[in-house]
Amino acid sequence: MLDHCPGAASVRTPTLTIKKCPQCGEEIEIFSNELKVSCEKCGFVIYNDIQSCIQWCKYARECVGEEVYRTLTELPK
Ligand SMILES: [Zn+2]
Ligand SMILES: [Zn+2]
């Protein structure tokens, strides 16, 4: 149980992704553990499609950490 499931990896070890703002085309940097980020140019809010075990793992709280867990479970469905 000390091994964290793969679902938590992207949250535990943040990776940087570049997304394109659908509104103005500006490139937006978002880390894999960030819930959302707003475009610096136009303010458009982009949500991260976080790949994690939160939806299905019963240890998710431990996998990603209490604070992150709470943030991510507030995700709009
Ligand atoms: Zn924008
Ligand atoms: Zn997990």
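The following legends describe close-up views of a predicted model of one protein chain with a bound zinc ion.

**View 1. Overall arrangement of the chain.** Three helices and four strands make up the secondary structure of the predicted chain. Read from the N terminus, these elements follow the order α-β-β-β-β-α-α. The chain has 77 residues, of which 31% count as buried. Its exposed surface amounts to about 5,600 Å², and carbon and sulfur atoms supply 50% of that area. Where contacts link residues at least 6 apart in sequence, 31% of them join residues at least 24 apart.

**View 2. The zinc site.** The zinc ion (ligand 1) has four cysteine sulfur atoms as its protein donors, namely the SG atoms of Cys21, Cys24, Cys39 and Cys42, which lie 2.3 Å from the ion. Along the sequence, these donor residues of the zinc ion (ligand 1) follow the spacing C-x2-C-x14-C-x2-C. The site is tetrahedral, with angles of 104 to 115° among the four donor atoms. For comparison, the ideal angle for four tetrahedral donors at a metal is 109.5 degrees. Cys39 has a relative accessible area of 3% and is therefore buried, whereas Cys42, at 33% relative accessibility, is partly exposed.

**View 3. The hairpin of strands E1 and E2.** Strand E1 (residues 16–20) runs antiparallel to E2, and five bridges join the two. The strands form a hairpin with six residues between them. Within the turn, Gly25 has a positive phi of about 85°. In the pairing of the strands, Leu16 stands opposite Phe31 in E2.

**View 4. Surroundings of Phe31.** Phe31 belongs to strand E2 (residues 27–31). Its relative accessible area is 37%, so Phe31 counts as partly exposed. Beyond the neighbours within four places in sequence, Phe31 is in contact with Pro14, Thr15, Leu16 and Asn48. A separation of 9.5 Å lies between the C-alpha atoms of Phe31 and Thr13, which are 18 residues apart along the chain.

**View 5. Surroundings of Ser38.** Ser38 is located in strand E3 (residues 36–38). With 40% relative accessibility, Ser38 is partly exposed. Setting aside the neighbours within four places in sequence, the contacts of Ser38 are with Gly43, Phe44 and Val45. The C-alpha atoms of Ser38 and Cys21 are separated by 9.0 Å, the two residues being 17 residues apart along the chain. Cys21 is also one of the zinc donors.

**View 6. The nonpolar cores.** The largest nonpolar core comprises 12 residues: Cys5, Ala8, Val11, Leu35, Cys53, Ile54, Cys57, Ala60, Cys63, Val64, Tyr69 and Leu72. Helix H2 (60–64) and helix H3 (66–72) are the elements that give two or more residues to this core. H2 gives the most, with three residues. Apart from this core lies another, of six residues, among them Ile28, Val37, Cys39 and Ile46. Of these, Cys39 is also a donor of the zinc ion (ligand 1). In soluble globular proteins, nonpolar side chains tend to be buried together.

**View 7. Contacts of Ala8 in the largest core.** Ala8 is one of the residues of the largest nonpolar core. When neighbours within four places in sequence are left aside, Ala8 is in contact with Cys53, Cys63 and Val64. These three contact residues also belong to the largest core.

Methods:
Residues numbered from 1 in each chain as written. Chains lettered and ligands numbered in written order. Predicted model: local features only at pLDDT ≥ 70, side-chain atom pairs only at ≥ 80, totals over all residues. Heavy atoms only, no water. Core = buried A, V, L, I, M, F, W, Y, C linked by side-chain atoms within 4.5 Å. Buried < 20%, exposed > 50% of the residue type's maximum accessible area, 1.4 Å probe, protein only. Contact = heavy atoms within 4.5 Å. Donors = N, O, S within 2.8 Å, 3.2 Å for Na, K, Ca; no water. Tetrahedral: all angles 85-135°; square planar, octahedral: opposite > 155°, others 65-115°. Pairing = 2+ DSSP bridges. Areas by Shrake-Rupley, 256 points an atom, 1.4 Å probe, with all protein chains shown as cover.
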